[in-house]
Amino acid sequence: MARQYGLPSTSGETGAAEKLAHVRETVTRVLTAEQPGTGLVGMLADSGWDLARIRDTVLVVVMAGYHTSGVAVSWASHLPAGHPEIAGRLRAELDSVLGERAAPAYTDLRSLDCLDRVVKEAMRRCPPGPYAAREPAEDLVLGEYRVAAGTTLMYPIWAIHLNPAHWPDPLRFDPDRFTAAAAAGRPRFAFIPFGSGPRSCEGAAPATAEIKLMLAVLVKRFEFTPVPGHVVTPVFPDARGNPPGWGRPVPRTADRAERELDTTRRCRKQ
Ligand code: HEM
């Protein structure tokens, strides 16, 4: 993300804090430049919200909403480009449902099955939110592990989406995994691009509609083809399904070793 938004490329917790400070400053600068009393920001300020709250809300919507949807549309444009037969089916469906219209109406979306499957398969293969986190409020037992309250648990959406038990040949891009027949019997939690449970994505429904509308407009207007010799490198997971940094040696500082030890102490096999 740092690379994408042109942020300083420091790493570790200090790096993350610096990046957050940089993004906060930028958002504050944009907000304070807005004319008072105008637009959504002005309305929020008028309703009594302080600048810090408005800034953090804007930040969440931009990072949680726009970045993720943008990533989804990027992959959903790129992946079919390497599969002319799938790209052809998608174009044919859009031509048949939209005719001369450049963009679908919201109500057209339910007739666009191939579009639906392409978007789902792109989000399975390259989930824009690759993992999510939870902190149990009290001690809990998870399978054979005892987890202490306050431990950060990451659940890897990208890995769940590549589980060969539910997704044979998981690295292959195949939207037909999402036909009703292929999906029948597959566990509900095998596909969770928006997370799961009461803290799952608040924007799932509008995001899905937004992604489909954007992709439909783009595919109706342009033909995407791979650029010969250009290698597209996912930020993660990599071609083997491993995100960068996982399984690679990470320099161990005394502070890091102490934190790892602390996690091991708090998360014990029963
Ligand atoms: C392709 C688009 C999107 C994807 C893949 C996505 C994915 C996710 C994921 C994986 C989570 C974490 C869920 C969990 O912890 O179980 C999340 C949370 C969240 N998302 Fe999205 N998201 C998308 C679009 C949006 C949009 C458009 C908005 C709002 C404008 C949004 C707002 C949020 C918020 C507020 C949370 C935190 C929910 C909570 O903690 O209760 N997301 N999203």
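Here a biologist and a modeller talk through the predicted model shown above.

Biologist: Glad to look at this together! Which pLDDT do local features need in this predicted model?

Modeller: Residues are numbered from 1 along each chain as its sequence is written. Side-chain atom pairs count only at pLDDT 80 or more, totals for chains, interfaces and linings use all residues, and local features need pLDDT of at least 70.

Biologist: Thanks! How many helices and strands are there in the protein chain?

Modeller: Helices (H or I, at least four residues) and strands (E, at least two) are DSSP runs, numbered from the N terminus. Their order from the N terminus is α-α-α-α-α-β-β-β-β-α-α-α-α-β. The count is nine helices and five strands.

Biologist: And what percentage of the 270 residues count as buried?

Modeller: A residue is buried if 20 or more other C-beta atoms lie within 10 Å of its own, exposed if 12 or fewer, and partly exposed in between, with C-beta atoms placed from the backbone. By that rule, the buried share of the 270 residues is 18%.

Biologist: Now the ligand, please. Which helix supplies the largest share of the shell around it?

Modeller: A residue is near the ligand if its C-beta atom, placed from the backbone, lies within 6 Å of it. There are 23 such residues, and Gly65, Gly129, Gly195, Cys201 and Gly203 come nearest. Helices H3 (51–81) and H8 (204–221) each give at least two residues to the shell. The largest share, seven residues, is from H3.

Biologist: How many residues of that shell are charged?

Modeller: Ala, Val, Leu, Ile, Met, Phe, Trp, Tyr, Cys and Pro count as nonpolar, Asp, Glu, Lys and Arg as charged, and the others, Gly among them, as polar. The shell holds 13 nonpolar and eight polar residues, and the charged ones number two.

Biologist: Let's turn to H8. Why do its buried residues line one face of the helix?

Modeller: The buried residues of H8 are Ala207, Thr208, Ile211, Lys212, Leu215, Ala216 and Val219. The arc is that of the directions from the helix axis to the C-beta atoms. Residues three or four places apart point the same way in an α-helix, because it has 3.6 residues a turn. In H8 the buried residues line one face because they fall within an arc of 160°.

Biologist: Nice. Which helices do the buried residues of H8 pack against?

Modeller: Two residues are in contact if their C-beta atoms, placed from the backbone, lie within 7 Å. On the other side of H8, Pro206 and Arg221 are exposed. The buried residues of H8 pack against H3, H4 and H5.

Biologist: What span should helix H4 (residues 84–98) have at 1.5 Å a residue?

Modeller: The expected span of a helix is 1.5 Å times one less than its number of residues. H4 has 15 residues, and its end C-alpha atoms lie 21 Å apart, in agreement with an expected 21 Å.

Biologist: Which residues of H4 are buried?

Modeller: Pro84, Glu85, Gly88, Ala92, Asp95 and Ser96 are exposed on the other side of H4. The cover over the buried residues includes H3, helix H5 (113–125) and H8. Those buried residues are Ile86, Leu90 and Leu94.

Biologist: Which helix gives the most residues to the largest nonpolar core?

Modeller: A nonpolar core is a set of buried Ala, Val, Leu, Ile, Met, Phe, Trp, Tyr and Cys residues joined through C-beta atoms within 7 Å. The largest has 21 residues, of which Ala72, Ala76, Val119, Ala122 and Leu215 touch the most other members. H3, H4, H5 and H8 each supply at least two residues of this core. The most, six residues, come from H3.

Biologist: Is Ile157 buried or exposed?

Modeller: Ile157 sits in helix H6. Leaving aside neighbours within four places in sequence, its contacts include Gly129, Tyr131 and Ile192. With 22 other C-beta atoms within 10 Å, Ile157 is buried.

Biologist: One last stop: what is the phi of Asp169?

Modeller: Asp169 lies in the loop between helix H6 (157–160) and helix H7 (180–183). With 8 C-beta neighbours inside 10 Å, it counts as exposed. Most residues other than glycine have a negative phi. Asp169 is not a glycine, yet its phi is positive, about 50°.
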